[in-house]
Amino acid sequence: MVSFKVSDLKMMNESLKEFSDFLRRASVAEEDIFASRLVSCELISNVIIHSGKSAEFCGELDGGGIVITVTASGFENVDLSPSLPDVFAESGRGMYIVNCLSGGNVQRSEDGLKVFIKRSEIK
């Protein structure tokens, strides 16, 4: 498990490297590491950019997947299954991407969101 608190985008990228390394040590497929990092970036960025607050991150392996939890105030009104937004829309793309990469496995958790990404079959 990897957990951290982040309040700026540079710090986010440095901290997510630790998460990617954790997944690699667990022999997670590179495509799943990419999806996990993208989901993590979208959720954390939403907190930092739209609320100006810190986000708490937790990433872990659970069963056949990767569980990403980001907690912060501001997720209460987030649409968990948004439709594809207009290309010029100011918001909505991030949660659309999260929803697509997780196959809709997005849930509200205590003060945040929990996303489950199913791991690919190892070939």
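# Reading the labels on this model

Visitor: Why is Glu18 called partly exposed?

Guide: In this predicted model, Glu18 has a relative accessible area of 45%; since buried requires under 20% and exposed requires over 50%, the value of 45% falls in between, and Glu18 is therefore partly exposed. Glu18 belongs to helix H1, and its C-alpha lies 7.4 Å from that of Val2, although 16 residues separate the two in sequence.

Visitor: How do you know whether Thr69 is buried or exposed?

Guide: The relative accessible area of Thr69 is 12%, and because the limit for buried is under 20%, Thr69 counts as buried. Thr69 sits in strand E3, residues 65–71, and, apart from neighbours within four places in sequence, it is in contact with Glu56, Phe57, Cys58, Ser109, Leu113 and Lys114.

Visitor: Phe57 is also part of an aromatic pair with Phe4; what makes that pair stacked?

Guide: A pair of aromatic rings is described by two values, the distance of the centres and the angle of the planes. For Phe4 and Phe57 the centres are 4.7 Å apart, which satisfies the requirement of lying within 6.5 Å, and the planes stand at 20°, which is under the 30 degrees set for stacking, so the pair is called stacked. Both Phe4 and Phe57 are buried.

Visitor: Why can the pair of Phe4 and Phe57 be said to tie parts of the chain together?

Guide: Phe4 is in strand E1, residues 2–6, while Phe57 is in strand E2, residues 55–62, so the ring pair joins parts that are 53 residues apart in sequence.

Visitor: How many aromatic pairs does the structure hold, and which residues do ring pairs link into a cluster?

Guide: There are 3 aromatic pairs, and ring pairs link Phe4, Phe19, Phe22 and Phe57 into a cluster. One of the pairs is that of Phe4 and Phe57, stacked because its planes are at 20°. Phe19 and Phe22 also form a stacked pair, with 6.5 Å from centre to centre and 20° between the planes.

Visitor: What places Phe19 and Phe22 about one helical turn apart, and are they buried or exposed?

Guide: They are 3 residues apart in helix H1, residues 9–25, and are therefore separated by about one helical turn. Phe19 has 0% relative accessibility and so counts as buried; Phe22, at 17%, is also under the 20% limit and counts as buried.

Visitor: Turning to the helices, why are H2 and H3 described as roughly antiparallel?

Guide: Helix H2, residues 30–51, and helix H3, residues 93–102, pack at an angle of about 150°, with their axes 9 Å apart. Since an angle over 145 degrees counts as roughly antiparallel, H2 is roughly antiparallel to H3. The crossing of H2 past H3 is left-handed.

Visitor: Which residues meet where H2 and H3 pack?

Guide: From H2 come Ala35, Leu38, Val39, Glu42, Leu43 and Asn46, and from H3 come Gly94, Met95, Ile97, Val98 and Leu101. By class, this contact has 8 nonpolar, 2 polar and 1 charged residues.

Visitor: What is the order of elements along the chain, and what share of its residues is buried?

Guide: The chain has 3 helices and 5 strands, running from the N terminus as β-α-α-β-β-α-β-β, and 41% of its 123 residues count as buried.

Notes. Residues numbered from 1 in each chain as written. Predicted model: local features only at pLDDT ≥ 70, side-chain atom pairs only at ≥ 80, totals over all residues. Heavy atoms only, no water. Axes fitted to C-alpha atoms, helices over the stretch in contact; angles between N-to-C directions. Helix = DSSP H or I, 4+ residues; strand = E, 2+ residues; numbered from the N terminus. Parallel < 35°, antiparallel > 145°, perpendicular 65-115°, else oblique. Left-handed = near helix turned anticlockwise from the far one by under 90°. Contact = heavy atoms within 4.5 Å. Nonpolar A, V, L, I, M, F, W, Y, C, P; charged D, E, K, R; others polar. Phe/Tyr/Trp six-rings, centres within 6.5 Å; stacked < 30°, edge-to-face > 60°. Buried < 20%, exposed > 50% of the residue type's maximum accessible area, 1.4 Å probe, protein only.
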